[in-house]
Structure formats: structure tokens, C-alpha cells
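Student: I'd like to zoom in on one part of this protein and see how everything around it fits together. Here is the model I have open.

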Amino acid sequence: MEDAAEGAGEGTAQEDPPVTVEPTAATTAVTATTAPAAAGATADTAAGAAVTATTTAATTATADEAITITTGPPGRTGSTGLAGQTAPPAIAPASLSPSRAGDFMQCPLLYRFRVIDRLPEKPSAAATRGTLVHAVLERLFDAPAAERTAPRAKSLIPGQWDRLRETRPEVVELFADDPEGERMARWLGEAEQLVERWFTLEDPTRLEPVERELFVETVLDSGLKLRGIIDRVDVAPTGEVRIVDYKTGKAPRPEYAEGALFQMKFYALVVWRLKNVVPRRLQLVYLGSGDVLTYDPVVADLERVERKLHALWEAIREATETGEWRPRPTKLCGWCDHQAHCPEFGGTPPPYPLPVRVPESGGGPQGRMGPD
Ligand code: SF4
């Protein structure tokens, strides 16, 4: 999963409080499987990297183009901060990540709270479990291929949980009211099940990722900066690139597959712009339901995503300048930490912290969302 947030507040829930995108019929090229997807034979590339060969179509990359962009910023976060902490100073958005783009599409006011106000959010058990599972799957590839077994992966959980508590002490509050540790034991058991399910979907003994937790960033010709973190990048002997993302939730219904793939197409666009390589395959691995969703993008897909992101960025810029951030209530409000500040729930947003554009008519700032 992903990702990098704009401004200083990095982070995204690892277990995917859903991104709302309208259902579309454009899912014909999407394949969802519940069968194991680890059909790839392992081979060595000329560059010496073992890779998975799961695709047979025309080569889109060379081994030399294995993506080695930069290593990522430290650690992912499951929330944008810790409730009770003082929010850092507001800054105007400067870049777009899949998660924050999803926030804006879901609810512009949510985007404002997360990116501009940077209001603290409580850690969630689901998101933190997602972070933990991602860390385990990433670390497993440190072991020699033959040792990448389910027992080995599960044995990594306690150490990675300790590490998470060290790097993000706020997660400890998840179990503050659990003195006997029963809830935490259940929660760790659920993480084990997710890790175990991965082995029914992919075979890590036959995979040799060229990148894990890869931080990518590019600036489009328009000046729009895109960034994110890709869970895994595989490169086949033919040079074909596969981008893989783990989800600890369940696969969406087919009519929502397009929304789920938005993040992957975003990454594909970034890779394409950085390396001039169109990834051969985008693959979402749903550990919650045991599904694998794949999509083979073409240039037209990525151009479409680029146009969409430009339109989105224009809307974000307009809202930033005018201070008009509309709430868009949906059933996803149940996941939102900011109901106390949301007019839809009787709340009041904090004073808008950025300068607003004064209308030419001289009628005063447009659409201030909160008291000054
Ligand atoms: S509660 Fe709903 S409408 Fe309000 S900010 Fe959160 S997501 Fe938006």
C-alpha cells in the first residue's frame, strides 16, 4: 500500500479505509482471482537480480531500467498524527499522493483537515495492523529465498511489532485499556492470519523483488509533483515491470475495481514519467479476502490518469486559495476522525490558516470555512 502525504505529514492507513470513486463499467481489463497467483518462474536477469516471470507480452523495460529511484522516507504511518498533539504549522499543498488524492475525491474538507490543518488523528487498530503486516512482508525478503516460509514470516511479527511501538509510540494507546493483553493477542493473531494468507496468493520463494517500499517522486511538465511509496517492484527477465501493492482489507466489488486501481495507475504514471517505462502489470494483493486484482495498463490509461490528476490539482489549488473546502458526507464519514470539526456533524472547522483570495468585486474572502 502506500504512501506519502503532502506537506510534512506523511502517512496513510495501511488497512485501507476506502477511497470513494464512482463505480464504473470500465473493468473489463481487470482480472480478479481467488486462486494462487504465484505462477511466476524465478530466473536470474543479466543484471543478476532474480525476478518473477509471470507475463509473456511484449517487453516494456530492460533489466538496466530496473527501478532504483530513491529509498523511501522512514516508516509508514497509519495516521497523520497523534490526537492530543499540537498540529504543525499549516502549509499550502505542494504535491499529490494517491492517498491524498483519494481524500480530496472522497471529501474536500477531509483533505483540508489532513493536508492543510494537519489535524491529529488517532491510530486505528486496522491501520496499525496493516503497517505491521507490510513490515513483515517486506522484511521477509531479507531472508534467502528458500527460507521465506510462512512460519518464518509469522516469527517476524513480534519483532516488527516491537519496532513499530518504538518508532511510533502512539500505537501503544491502542491497547491502553487492555491490561491482560487479550485484545492485543487477538489482534496479533489476526495479523498472523493475514501473513499466512499471503502464502496462498504469492510464493515468495520464487520472487526476488528489485525494490520494496520504494519511495517515488516525479514532477510533471505542469509542475505538479507526484509522490508515493510502492510496496514491491518485480522485474521479469524480459525487463517487464510489475508493481505490487498489498492490501490488508478485502477486495472491492467489481464495480469499484476502477477506484481501487486508481492508486496503482498513479504509481504507473510516476514510473512511466521517471523511467519512460510503462509497467507491464499492476497487481493488488488483498490479504483480507484472498484475492488478487491485476491490470495491464497502456499509455492511454496513464495519460487519462495524468489528466485526472491535473484536474484534481486545479480543484485543490482553487480550494486552497479560496478557503472553500466542501464537506461531502458519505458512509465513509464513519471512518473520519474529524466529525467534531465537520459542519455535517454540527462541528466547526478551525480557523482557516492560509491567506484567502479576495474576490475582484471586493466582496471579501470567498467561502471561509471557519471563523477567523
Ligand atoms: S465527517 Fe465526513 S463530511 Fe465531514 S470531514 Fe469527515 S469525511 Fe468529510
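Student: Why does E213 count as buried? After that, please give me a close look at strand β7, residues 241–247.

Tutor: Sure! Keep in mind that this is a predicted model. E213 counts as buried because it has 20 C-beta neighbours inside 10 Å, and 20 is the number at which the label "buried" starts. E213 sits in strand β5, residues 211–219. Its phi is near 50 degrees, which is a positive value in a residue other than glycine.

Now for β7. Seven of its seven residues are buried, so the strand is mostly covered. Which way do its residues point? V241, I243, D245 and K247 go one way, while R242, V244 and Y246 go the other. That fits a general pattern: side chains in a regular strand alternate between the two faces of the sheet. Notice that D245, K247 and R242 are on the list of buried residues too.

Next, the neighbours. On one hand there's β6, residues 225–235, which runs antiparallel to β7 and is joined to it by four bridges. One pairing to find on screen is V235 with V241. The two strands form a hairpin with five residues between them, and in it G239 takes a positive phi near 95 degrees.

On the other hand there's β8, residues 281–286, which runs parallel to β7, with six bridges joining the two. Here you can look for I243 in β7, whose bridge partner in β8 is L282. To follow the chain, trace β7, then helix α7 (residues 257–275), then β8: together they make a right-handed β-α-β unit.

While you're tracing, stop at N276, in the loop between α7 and β8. N276 has a positive phi as well, near 60 degrees, and again this is a residue other than glycine. But is N276 buried or exposed? N276 is exposed, because just 10 other C-beta atoms lie within 10 Å.

Let's finish with I243, since it ties much of this together. Leaving aside residues up to four places away in sequence, I243 touches I230, V233, M264, Y267, A268, V271, P279, L282 and Q283. Take V233 from that list: V233 lies in β6, and it is buried because 24 other C-beta atoms lie within 10 Å. V233 and I243 are 10 residues apart in sequence, yet their C-alpha atoms are 4.8 Å apart.

I243 also belongs to the largest nonpolar core, which has 69 residues. V136, I243, Y267, A268, V271 and V285 are the ones that touch the most other members. And α7, the helix of that β-α-β unit, gives the most to this core, with 11 residues. In soluble globular proteins, nonpolar side chains tend to be buried together.

If you zoom back out, the protein chain has eight helices and nine strands. Buried residues make up 43% of its 372 residues. Finally, take the contacts between residues at least 6 apart in sequence: 75% of them join residues at least 24 apart.

Terms used
Residues are numbered from 1 along each chain as its sequence is written. This is a predicted model: local features need pLDDT of at least 70, side-chain atom pairs count only at pLDDT 80 or more; totals for chains, interfaces and linings use all residues. A residue is buried if 20 or more other C-beta atoms lie within 10 Å of its own, exposed if 12 or fewer, and partly exposed in between; C-beta atoms are placed from the backbone. Two strands pair if DSSP finds at least two bridges between them. A crossover is right-handed if, with the strands pointing away from the viewer, the path from the first strand over the helix to the second runs clockwise. A nonpolar core is a set of buried Ala, Val, Leu, Ile, Met, Phe, Trp, Tyr and Cys residues joined through C-beta atoms within 7 Å. Two residues are in contact if their C-beta atoms, placed from the backbone, lie within 7 Å.
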